[in-house]
Amino acid sequence: MKAIAMRLIAVLVILSLVLTACAPAATPAPTQPPTQAPTQPPTAAPTQAPTAAPTKAAGPVKATPGKKVDMVLLPKFLGNIVFDQAYAGAQEAHKELQNPGQLQFLGPTPENSVAGQIEIITAATTQRVNAIMISNNAGDQIVPAVKKAREAGITVVTWDSPIPSAEGEQVFVAQVDFNETGRVMAEMALHILGEGGGKLAILSASPDAANQNAWIAAFKEVLKTDPKYSKLELLDIVYGNDQFEDSYRQALALVDKYPDMRLIMAPTTIGIAAASKAMQDEGLCDKVKVSGLGLPVEMVSYTLNGCAPEFALWSFTDLGYLTYYVTYLLATGAIKGEIGERFEAGRMGTYTIEKDPTRPVGLRVLMGPFSIYNKDNVEAEAK
Amino acid sequence: MKFITRILRPEQVRELVTLFLIVIIVLGFGAFLKDYYTGRTFVRISTSIAIIAVVAMAQTLVAITRNIDLSLGSIVGFCAFFLGVQLSYHHEIGPVPAALIAIAVGTAMGLINGLIIAYGRVPAIITTLGTMAIYRTAIVFYSAPEGGIVSAHRLPLWARQFASWSIFKMGDLDFRVMVGIAILVVIIFQLILTYLPYGRRLYAIGSNPEAARIAGFPAQRIVFIAYLIGGALAGLGGYLFLLQYGNLMVLAGVGLEFDAVAAAVVGGVNIFGGTGTAIGAFLGATLIGTLDYSLRRWPAISEFWRNAILGLLILLAVATDSAIMARLRLMWARAAAAMTMELAESKTSSSPQA
Amino acid sequence: MQSSRLASLRRMQFLRSWEAILFFVFLAILLYNATRVPAYLTVGNQINVFYLYAEKIIVALIMTFIIINGEIDLSVASVMGLCAGVLGRLLEMGVRGEYAIAAALVTGLLCGLWNGLWIAYARLSSLIVTLAGMIMFRGLVWVMVEDRSITNFPAWINHLGQDAILGPFPLSLIIFFVLLIFAYIVLHHSAFGRYVYVIGNNREVARFSGVKVQQIKLILFATSGLISALAGVLYAARLGAMRSSTAEGFELEIITMVLLGGVNIFGGSGSLIGVLLSILTVLNLRNGMSLANITLQQQTGVIGALLIFSVLVPNLAGRVRAELNRRRFARLAAEQTAPAERKEVKAESK
């Protein structure tokens, strides 16, 4: 009992320090240091976020375990393995923090994602849960529901895919830097195609997926501005609507439409698997390679047979874990969701809340970095 | 004219019209798309319509009896899922037993539909609207322990490679096994519908249920069997679905029922019963598949125009169809009347006793 | 004489049992929710029950007319999306909100007229015309909005869509209740409503008795387009944003609600009271299950089962009753078996 009281006092002291430190510091937003080099040696465990925002706070905030926080983890939709991994990560943190409250994993089906997410948020608001963690698939359409949740005193954190206008959301837990994604995709393309470059096309998810569009925009930007990638030519962007059937057909149509295309870049786990299968079925793997963001467990055979020699992803388990920590800290009042606050997220180390440089407004916690997979490490990771 | 009415039925003229439209589309796109006349185009279109052709057979069968099956997409999805999960754990299952498993599961789901519709006398659209949701929910439950997916990498080797198996190959021109299966199904059902008494009874029930009942046809049983076969076909569709795409999500097969309706209707199947052929539905699927593929290939058309054009095409196909078919039927009816008159005259003149 | 009275009696029984079943299901759900689900009985939640489905139940009203008329409209959700798209694009271009809303409504009306002309005058099947419309109108939204999300609506539009206007009621619910009363009067107490039933019963008979069948069908589909447009605008305002996929897939849920309300899919019978009961049942069921954390897909499955059983159970009960009656009649004099025979015929043609 006494220990808890002591810890509470400590937290309060730290909090007040952080607050006083940050109130004036909010105006000169911390300048973004140049992001990490894109092709890192593949790492299983992500290293610490590279932001070096100077804060005067005395050490990172630590979570006080054992507080009751009812939480809802809301994925874009059910039935994509990455979201299950995120849930596993959140469960791990849930246990670690000995939260006596409930952690629920609720999601809509893909065809009903927008209305479903809104309904789940509204129901959670009615039930007076304490916190909601959203992988937003509804763009700004989700804002009114989220605002009502905030008015009811519920902590709202987004992960994986943010609210574009940042309205209603307290912090976005970014898996990677969204601008960085464009560079990583360009780097992989160059690596696969060789120094001579070549023509490629993008196979995206649905045309209105916010994170996909941000990544594609970043990719285009990199191709345009960085002379290193000037030999890469983007032919077309098509959409597979995050369905295997559509993505499969679109990939084949691309091959026929552009006989000189040599690479399909699919920044979606569903698209990359479908495109790889299509190239394999049609015996096109020697001519057209596939790359993008993929799950090692789904991609292992295509990587080994050369259809998809290289692809990237981050750990969704870690993303769920980190998101849980951020949300728990916010819901218990240990952090306030302000620029410069530093906190400790269990086994993953220390992170800092910063201004999200990829959106006009909004805050983020950057997880990062990418893990790049190829024939050398994919088997180990797929286990 | 007389000659034509004697050797062709209106349905066959209708099939020729669809075929003609397909040729026009191919010639039209071939004129300006590069590398269009290749074996590869054939491979793409033929493989993309294999599944829909099989499912359209199921829809045709029930549509002829004045019914509809909106649960076909969900049945395809469930069978694909069921088989996918089984294959993930039992690599020893071969291609033929796997097909039988999928067909058996599909038949069971068709059985439920058929029982409720034929013997429970619940309208088909209500029943299948309900089972569409129920079967989809069954997928969610069944797949939950697997994380809601089937992954290609967990399937046995043959299942991963099935999609590229071919019957014969000539350079780029590749006739795939799955296309062969689909065409075989179409031919079998064309024969059933044309020559078996069961097939003729389907038409009789669809064109005039009262008359069929008075004639003593066991209407309930005929409709029930139609749903049973429809379920089996959807099961086969699920088998092909799994083998073509390998990776499945809970949404697998969503919307296939509407694609099947569109294919059947464009191919001249009357959704309100009585007319339509298996070959017609297959040609309808081919027409839509050809157009869809060609629009994807057309660089001037943005990704976003495809559906708008496809919707308009379906409407125009049906509109011209109803205009032309009404006229054709009239022509044939007149010709038939003239012919029976002639016959009657010749009969009365040759055999005065009658 | 006797048989027609028997028939009307039977119909009343049937209707009574249908609505009775719905009513009891509704009561059971209400009781369960009230006692077992925390937070169900709060005012906020009761408003939410309707608010989250306001657009769908508004469209369900006009869908009731169309199905009673013997037709169907699969394009409603795509029209909602298209009109939300028109609204969004125009607002984005800086057009004033009033004009943008007007343009969206006109677009909906045009979509409805397009459907209606093909159905009423070209006499094509509404299932096919509106299936094509569903694909085509959705395609037009994609063409117009592409891969973007349109947001930043004027504050007053967001206010109308999201805030309580009258007491605790938001605008969409007020519109629903006003339209419900209006629709009830038109369908059940006006010449137009009678024509809707007559045409649904038998188009040819209606035509020969001087009903302007084509005109009425055109009016119905045009109204359907207009109401869907209104619902689309309300939906966009409620979410404060729109995308190409807005309202996708709503049509099946809307049709399910109408059919569950006892409206005959082949036209000619059904009532708004039944549809209202069905709406109450579905909405409370969904709300209760949502609060009990049952996933949306499972909810859809439950409603699908409810749809089938709501027809199946009365059918089976009717057949059991018919069978019992026949046995009783068989024991009585031979001339009294005639009505039972006829009953069989009636059931067969269903």
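**Exercise 1. Work out what share of chain A counts as buried, and how its contacts spread along the chain.**

Start with burial. This is a predicted model, and in it 61% of the 383 residues of chain A count as buried. The cut-off to apply is 20 or more other C-beta atoms within 10 Å of a residue's own. Next, take the contacts in chain A with a separation of 6 or more: residues 24 or more positions apart account for 75% of them. To finish, tally the secondary structure, which comes to eleven helices and 14 strands for chain A.

**Exercise 2. Split chain A into domains and describe how they meet.**

First, the bounds. The domain assignment puts 36-176 + 316-369 of chain A in domain 1 and 178-313 in domain 2. Then get the spacing: over C-alpha atoms, the centres of the two domains of chain A are 28 Å apart. Now look at the contact itself, where domain 1 of chain A brings 13 residues and domain 2 of chain A brings 14. Sorting the domain 1 side gives seven nonpolar residues, five polar and one charged.

**Exercise 3. Take strand β4 of chain A: which way do its residues point, and what does it pair with?**

Locate β4(A) at residues 155-159; five of its five residues are buried. Going by direction, T155(A), V157(A) and W159(A) point one way, V156(A) and T158(A) point the other way, and all are buried. For the partner, go to β3 (residues 131-134) of chain A, which pairs with β4(A) in the parallel sense over four bridges. To fix the register, find M133(A), which stands opposite V157(A).

**Exercise 4. Describe the chain A side of the contact with chain C.**

Count both sides to begin with: 25 residues come from chain A and 24 from chain C. On the chain A side, the elements giving two or more residues are α3 (113-126) and α4 (143-151). Of the elements there, α3(A) gives the most, with six residues. Wrap up with the chemistry of that side: eight nonpolar, twelve polar and five charged residues.

**Exercise 5. Follow helix α3 of chain C from its length to what comes just after it.**

Check the length first. α3(C) runs over residues 54-68, so 15 residues at 1.5 Å a residue give an expected 21 Å, and the span from first C-alpha to last is close to that, at 22 Å. Next, look for a bend: there's one of about 30 degrees at I62(C). Burial is quick, as 15 of the 15 residues of α3(C) are buried. Finally, step just past α3(C) to G70(C), which takes a positive phi of about 90 degrees.

Notes:
Residues numbered from 1 in each chain as written. Chains lettered and ligands numbered in written order. Predicted model: local features only at pLDDT ≥ 70, side-chain atom pairs only at ≥ 80, totals over all residues. Contact = placed C-beta atoms within 7 Å. Nonpolar A, V, L, I, M, F, W, Y, C, P; charged D, E, K, R; others polar. Domains from an automatic or database assignment. Bend = angle between axes of the 7 residues up to and from the residue. Buried ≥ 20, exposed ≤ 12 C-beta atoms within 10 Å, placed from the backbone. Pairing = 2+ DSSP bridges.
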